[in-house]
Structure formats: structure tokens, C-alpha cells
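Visitor: Could you take me through the fold and the charged pairs of this chain, with the cut-offs stated as we go?

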Amino acid sequence: MAGSFLEVKHLKKYFNTPAGMLHAVDDVSFQIPQGKTLGVVGESGCGKSTLGRTLLRLDKPTEGEILFKGTDLVTVKKKEMKQIRPKIQMVFQDPYASLNGRMNVRQLIAEPLIVNKVCKNKAEMEERVSRMMETVGLAERLSMAYPHELDGGRRQRIGIARALILEPEFVICDEPVSALDVSIQAQILNLLMDLQEQMKLTYMFITHDLSVVRHISDEIMVMYLGKCVEKAEAEEIFQHPMHPYTKALLAAIPIPSIESCHKIRKLLQGEVVSPVNPAPGCRFAARCPYTADECRRGEIPFTEVSPGHYCACIRAEEIQKTAGGGLL
């Protein structure tokens, strides 16, 4: 993909457990063009957050390549990674647990500058902190406040300020609004989009909420039990879902309409298979109404079914023709 400054190739992250090898991220490949947003969606346990942590090298990859502006983050030495890390930052899910409760707002935002020895003197540091507080919408009067004195929205603004104070190029947003009220969610989403335009940022936005990801993403990647099962432009995913798991996710989106109460939705049946030593074949086969014998025989290729629309399903074209949009 032309213009991609982050390219991930066959990335794997396995965890050794008493029961066997847990395949948290299993052979995932994608690209993100500079200045764009890739939304990553899926239910809890699908590997979204592990993918984000692995890209940051907070978790060491088991296998694969992470090419950031041509540099493979999997193989770089510790010293070189320390120089790259300020350019790749993360906004964490819990805006309270991710902050040190013994530090006030100004200290929390200044901490990345101190750790990375960015500023020449204290005056420069104070000026950058004040400017960043204004950028993310934190009033100066809150400078000496502590996290427990603030609401969730302001705490998350601190988290965003901490991520952006080093002027990164790529930001991983790990469910940054899931712990917030709906009205505050909209404020934080709009802030992230405004900051992306101002600072020319590239995002990977991790969430389980498709309504949220549609609002902010250019492309959407759907994950299931460590595998990428579908990827396309945001509107294409919503208008023409191909994978049955994607259709199930879309069917679960609440519709604020009295008429929608009378619509019959088919629920998924079957058990979620274990990600520990998974059997060959499609991992969604046990819950899929379209399962065929060949779905269980071997790995399902992640192929381009239509221009820019990738899907890991041997019956994708057939499923796309079924009526009902996101309904199974």
C-alpha cells in the first residue's frame, strides 16, 4: 500500500501456559498509511490489546516483522529502540489505573519529558506542559490536582497529553473511551480527531464498539481469537460485511429506534474455542452458520475478495450476497 509508514508482516505473539501455547496474536499482517486511522475491533480476548502492546515492544513478538518507517522494531537493539520509542506512544484504556495517583496533573504530563531528557531547562519543560494542557482542554487551574480529584474525561485527557507531549508520529489508542460516559466519549473522540489533524498523527484505534470505530477510522480490521478475519475501508465493512463474525458484530449494534425492537436477530450458537494450541482451520467454525468441511481442514487464507477488501473466509462471496446487512 503506497504511503504506508507502518507495515506489520506475519506478526505472532504466543504465551507459554501450563495448558500449552496460547496464540494471542497469530500471523497478523496489515499496513497503515501515514495520517490515517486503522480501527481494530473484536470481542474481549481476541488479541487486540496484545497486538497494540506488541507493536510497542512492551511484549516481545514471537515471530514476524514490525516495519516503522522502514525499521524493523522486532530486531532493533535496545539503544536504537529507546530513540524510536518517543515516536510511538499509547493511550491506555483505564484513565485511572494508568496514572500515578501520587503525582499531580503537571507532574504527570511532564514525566515523559523528564524520562526522555527532552528539555534543556525547567522553564522550557513548564512551557511545553502548559501548552499541552491547553491543547487537550485541561484548565490551568487543574495543574496541582491529583487523579482521584478528577472525573474520567479529565483523567483521559491527561493520558492523551502524556502520549502527545513527546510529539509522536504514531499513537496506539487502546479502548480510550470504553471506561467513559457516552457524552464524554464523544468529547474525547472529537479531541483525538482534532489532534490528528493538527499534529499529523497516525492512529491505531482499538475498541470493541463498532459505533465508535466507524466514527474515527479510515479502515477497520476485525480480529477473532488472534486472527485477522476481515479488513476494509470503514464504510465498506458496514455496507458489505463478508465474514460471518463481522456480520454478527454488526448485528449486535443497538439501534435507537422503536421499530428495531421488532426485528428478529439470530444469535450465534456454539462455544468459543480455546486459543491454547488451536486446531487447524477457521477458529470461528464452531459458531459459524456457514461452516463447511473444508473450513476445518487447514488454515484459511486472508485474501482480497474485492478491491481493498480482505477476508479470511472460503465462502465470503456467498455470504456477501445474503440479505440483511449485519444480520446473520
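The exchange below moves from the whole chain to single residues.

Guide: This is a predicted model, in which local features need pLDDT of at least 70 and side-chain atom pairs count only at pLDDT 80 or more, while totals for chains, interfaces and linings use all residues. Residues are numbered from 1 along each chain as its sequence is written, and side-chain values use heavy atoms, with hydrogens and water left out.

Visitor: What radius of gyration does the chain have?
Guide: The chain has 10 helices and 12 strands, where helices (H or I, at least four residues) and strands (E, at least two) are DSSP runs numbered from the N terminus. The globule rule (2.2 Å times the number of residues to the power 0.38, with the radius taken over C-alpha atoms) gives 20 Å for 328 residues, and the chain comes close to that, so it is as compact as a globular protein of that length, with a radius of gyration of 21 Å.

Visitor: What share of the residues in the chain is buried?
Guide: Buried means under 20% relative accessible area, exposed over 50%, and partly exposed in between, with a 1.4 Å probe and protein chains only. Counted in this way over the 328 residues of the chain, the buried share is 50%.

Visitor: How many of the residues of helix α9 are buried?
Guide: Helix α9 covers residues 244-251 and is mostly covered. Its buried residues include Pro 244, Tyr 245, Lys 247 and Ala 251, and the count for the helix is 8 of 8.

Visitor: Which residue, 179 residues apart from Thr 37 along the chain, has its C-alpha atom 7.2 Å away?
Guide: Thr 37 is found in strand β3 (residues 37-41) and, at 2% relative accessibility, counts as buried. Leaving aside neighbours within four places in sequence, Thr 37 is in contact (heavy atoms within 4.5 Å) with several residues, among them Gln 196, Tyr 203 and Phe 205. The residue whose C-alpha atom lies at 7.2 Å is Ile 216.

Visitor: How many salt bridges does the structure hold?
Guide: Side chains of opposite charge can pair when their charged atoms come close. A salt bridge here is a side-chain nitrogen of Lys or Arg within 4 Å of a carboxyl oxygen of Asp or Glu, and the number in the structure is 16.

Visitor: How far apart in sequence are the parts that Glu 63 and Lys 12 tie together?
Guide: Glu 63 forms a salt bridge with Lys 12, the closest N and O atoms being 3.7 Å apart. Glu 63 lies in strand β4 (residues 63-68) and Lys 12 in strand β1 (residues 4-17), so the pair ties together parts whose separation in sequence is 51 residues.

Visitor: Which residue forms a salt bridge with Lys 69?
Guide: The closest N and O atoms of this pair are 3.0 Å apart. Lys 69 lies in the loop between β4 and β5 (71-72), and its partner in the loop between α5 (152-164) and β7 (170-174), so the pair ties together parts that are 100 residues apart in sequence. That partner is buried, with a relative accessible area of 19%, and is Glu 169.

Visitor: Which residue is linked with Arg 106 and Glu 140 in a network of salt bridges?
Guide: Arg 106 forms a salt bridge with Glu 140, the closest N and O atoms being 2.6 Å apart. Arg 106 sits in helix α3 (residues 105-115) and Glu 140 in the loop between α4 (122-135) and α5, 34 residues apart. Arg 106 counts as buried at 12% relative accessibility, whereas Glu 140 counts as partly exposed at 46%. The further member of the network is Glu 126.
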